[in-house]
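Visitor: Got a minute to walk me through this one? I'd like to start with the places where a small molecule might be modelled.

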Amino acid sequence: MAIAKFGRLAKRSYKSYGFCVKLTAVVILGLCFVFVWSVFSPSKFSVTSQRETFDDFAEPVSANGRVTDSGVHFNKNELKNGKESSSEKKGQILEEKDKKRVKGSPPLKSGNMHKDQKNVPKGKKQGDKSTRHTKQAGEQKIPEKEGSESDDLQEEKQDEDVNGSEEDTENGEANFNEEGEVVQGDTDLANALDLDEEGVEKVEDDSGDSTNSKKNKKKKLGPLFDPKAHYSWKLCSTRSKHNYIPCIDIESSSGKLQSYRHHERSCPKTSVLCLVPLPHDGYGTPVKWPESKVKLQILYKNVAHPKLAAFVKSQNWVVEAGEYLALPENQSALKGGIQHYLESIEEMVPDIEWGNNIRVVLDVGCTDSSFVASLLEKNVLALTLGLKDDLVDLPQLALERGFPAVVSPLATRRLPFPSGVFDALHCSECSISWHSNGGRLLLEMNRILRPGGYFILSSKHDSIEIEEAMSKLTASICWNILADKSDEVSDIDVKIYQKPESNDIYELRRKKVPPLCKENENPDAAWYASIKNCLHSIPSSVEERGTEWPEGWPKRLETFPDWINNREKLIAESEHWKAIVNNSYLTGMGIDWSSIRNVMDMKAINGGFAAALSQQKVWVMNVVPVHAPDTLPIIYERGLIGIYHDWCESFGSYPRSYDLLHADHLFSRLKNRCKHPIVVIVVEMDRMLRPGGWAIIRDKVEILDPLEGILRSLHWEIRLTFGKDREGILCAQKTGWRP
């Protein structure tokens, strides 16, 4: 009995122990399987993945990023959106688990998972090549080759954009540090910011990065485009009517407003998505070039303005002739004529050689644009700067005649130009108190004037107090007065100053007022940057821009000085654009170039497009977006003109200013910077372009497809669409249609 009982007890123990062994073996095998699966499974089955390139963004993608010295690093936890109805629940469960498991790390977020995502060092992209080449001009055909030919070069340009700096913005407004300088980040980071379902962008600090952490920021962004959207357009109802400039004109209806323009650039809080109406008497085809240059003959109804009629009646140099405004021959706002005025300047300072060493000029203020027209005969490209107190809209007359002009307030912020780029500045009776506020506005002129450049100031006889104040101010910034003459014929005083060419003279000042700017002050930071009450040091090293005067025109167009890096690359880019313009734009688009005078390159890089058009009877406004690499100094060095701008906002020009707009991969670079970027830019293009004007858009096919639909909803005529691989081109003509 005892033996049998002991046997039964042993057998029962053996069964219990065997079950534990089996259970332990199963658990160990299961853990081994999970480990092997996590190591050897494809990346598409992994919950955590990282993007290799941001070029294929079609919809907002979740991301958490940080900027370090070595580049941009992203740590994303994304869920693959499948067709299963339970995918959203799975994402929520994983998100809750991740919050519990990882302390201090950003939570997981449901989003679209992309395959083969990796960390990429700053400036590198998928498919990046060590060397890229542009094809010979003879290899390009119309228009089939141009899309494929630009692939390599366009990748190169996109790499430049990645290496450049990106300006942090909120609803199209810039952010600044306490010193008034633009706060900038990395382009790749801006393209990969985290978007939630409501289009709110988030940038979260990384607790592990103590040196480069940023404060949390939010900005509302929308999708690149809505494929289901139906566009119903309406006309803008503003007090400026057909002359509406959104960021310049005051459009408040509360109270009686005494002024017509903002004292500073101030854009509407919401994007302008309405269409600017045409003049109430209709819009006529502008007088063609060069008839509009030889004599001021402008269709009055195209530039009709409430105060223009009264202004014309008070002048003797412009008269109303039927449906036109006409300028009698050899007449100008200056007595004695503009030719006499220019000859007197040449006599006073023989070193001023118009069209040779003086190529790029800024004309501050505007009258009849006869100064700009006469300089054009001497191969001088002068840009007219219309000020905020110009109630008559005379810069619009300059644009209608076919001369470069922009509108920009000049008060406390810098003008949207880089430092040291203008060969000469001109101000003729522009009614600016240069000596007031500590000479702040004159310091801004000093910033944008090239070392050794000239400041030409002409006005009617000033008071003794003003002359003494100006003399003291110009001496404090070490401007040398080269000439001071009272002209008996024109009855004006002409003073010509020259900016110093070196820093030595600054050290000889008894009073260091204004002081020299700090070394970390960027003289080229010009977008929403405050004017500094200091003098920027003049470049002294050969490798720095501004130490040497550019070559004479036209040699400077194709001459690249030592401070410009990758000169071979710039030469190749110039040849590339020559091939496209000559073999495609001029002959293959169906554009009547005899009707084209005012041209804008909305995303200029090094001015290659403008240089290719230098032999045509056109001028090109080169716009360098504020988020792109700063190549505007190179454009000016080549003897061309340009301006900084953020295309999330309206451009500082009148409606119907341009005959042709050129946008090369502009939309694809702005898709995550502002709300509804395609619609915002298209509305702005419609505002700036004249009826009958043209738009040439080169971009990715995924952008051109919805863009074509938006343009058709505006009743634009699509003249050409072509796409090959991922790149394409769209050519459209604006009609005179309005809702």
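**Pockets, sheets and odd backbones**

Guide: Sure. The second largest pocket is lined by 24 residues, and R359, L376, S614, Q616 and V618 lie nearest its centre. Keep in mind that this is a predicted model.

Visitor: What volume does the second largest pocket have?

Guide: About 560 Å³.

Visitor: And how does its lining divide by class?

Guide: There are 14 nonpolar, five polar and five charged residues in the lining of that pocket.

Visitor: Which strand gives the most to it?

Guide: That's β21, residues 619-625, with three residues in the lining of the second largest pocket.

Visitor: OK, closed spaces now. How many cavities of 30 Å³ or more does the structure hold?

Guide: The count is 15. The largest cavity has about 220 Å³ of space. It has 18 lining residues, and the closest to its centre are R265, S408, R414, P416 and W527.

Visitor: Which strands supply at least two residues each to that lining?

Guide: β15 (405-407) and β22 (641-645) do. The largest share, three residues, comes from β22. By class, the lining of the largest cavity has 11 nonpolar, three polar and four charged residues.

Visitor: You mentioned β15. Which sheet is β15 part of?

Guide: An open one of seven strands, in the order β15-β14-β13-β16-β17-β19-β18, with mixed pairing. β15 and β18 (480-487) are at the edges with a single partner strand each, so one side of each has no neighbour in the sheet. On average, neighbouring strands of this sheet are turned by 15° against each other, ignoring direction.

Visitor: How many bridges link β14 and β15, and in which sense do they pair?

Guide: Three bridges, in the parallel sense; β14 covers residues 381-386. T384 stands opposite A405 in β15.

Visitor: Anything on β16?

Guide: S428 lies in β16, residues 422-428. Its side chain makes a polar contact of 3.2 Å with that of S458.

Visitor: Why does S428 count as buried?

Guide: Because the relative accessibility of S428 is 15%, and buried means under 20%.

Visitor: Switching over to β23: how many of its residues are buried?

Guide: Seven of seven, so to speak the whole run of 658-664.

Visitor: Which strands does β23 pair with?

Guide: β20 (residues 598-601) runs parallel to β23, joined by three bridges, and V599 stands opposite L660 there. β24 (residues 689-700) also pairs with β23 in the parallel sense, over six bridges. D664 has R698 in β24 as its bridge partner.

Visitor: I always check backbones before setting anything up. Where are cis peptide bonds found?

Guide: One joins V513 and P514, with omega about 0°. Another joins W553 and P554, with omega about 5°. P514 lies in the loop between α12 (504-507) and α13 (567-585), and P554 is found in the loop between α12 and α13 as well.

Visitor: And which residues other than glycine have a positive phi?

Guide: Y528 is one of them, at about 55°, and it is found in the loop between α12 and α13. H715 is another, with phi near 70°; H715 is in the loop between α18 (701-713) and β25 (717-724).

Visitor: Are those two buried or exposed?

Guide: Y528 is buried, with a relative accessible area of 8%. H715 counts as partly exposed at 41% relative accessibility.

Conventions. Residues are numbered from 1 along each chain as its sequence is written. This is a predicted model: local features need pLDDT of at least 70, side-chain atom pairs count only at pLDDT 80 or more; totals for chains, interfaces and linings use all residues. Side-chain values use heavy atoms; hydrogens and water are left out. On a 1 Å grid over the protein atoms alone, a cavity is a set of points where a 1.4 Å probe fits but cannot get out, and a pocket is an open set with protein on both sides within 12 Å along at least five of seven lines; lining residues have an atom within 4 Å of a point. Grid points are joined across faces, edges and corners, and a volume is the space filled by probe spheres set on the points. Helices (H or I, at least four residues) and strands (E, at least two) are DSSP runs, numbered from the N terminus. Ala, Val, Leu, Ile, Met, Phe, Trp, Tyr, Cys and Pro count as nonpolar, Asp, Glu, Lys and Arg as charged, and the others, Gly among them, as polar. Two strands pair if DSSP finds at least two bridges between them. Axes are lines fitted to C-alpha atoms, for helices over the stretch in contact, and angles run from 0 to 180 degrees between N-to-C directions. Buried means under 20% relative accessible area, exposed over 50%, partly exposed in between (1.4 Å probe, protein chains only). A polar contact is a pair of N or O atoms within 3.5 Å; within protein, one must be able to donate a hydrogen and the other to accept it, and residues adjacent in sequence count only if both atoms are side-chain atoms.
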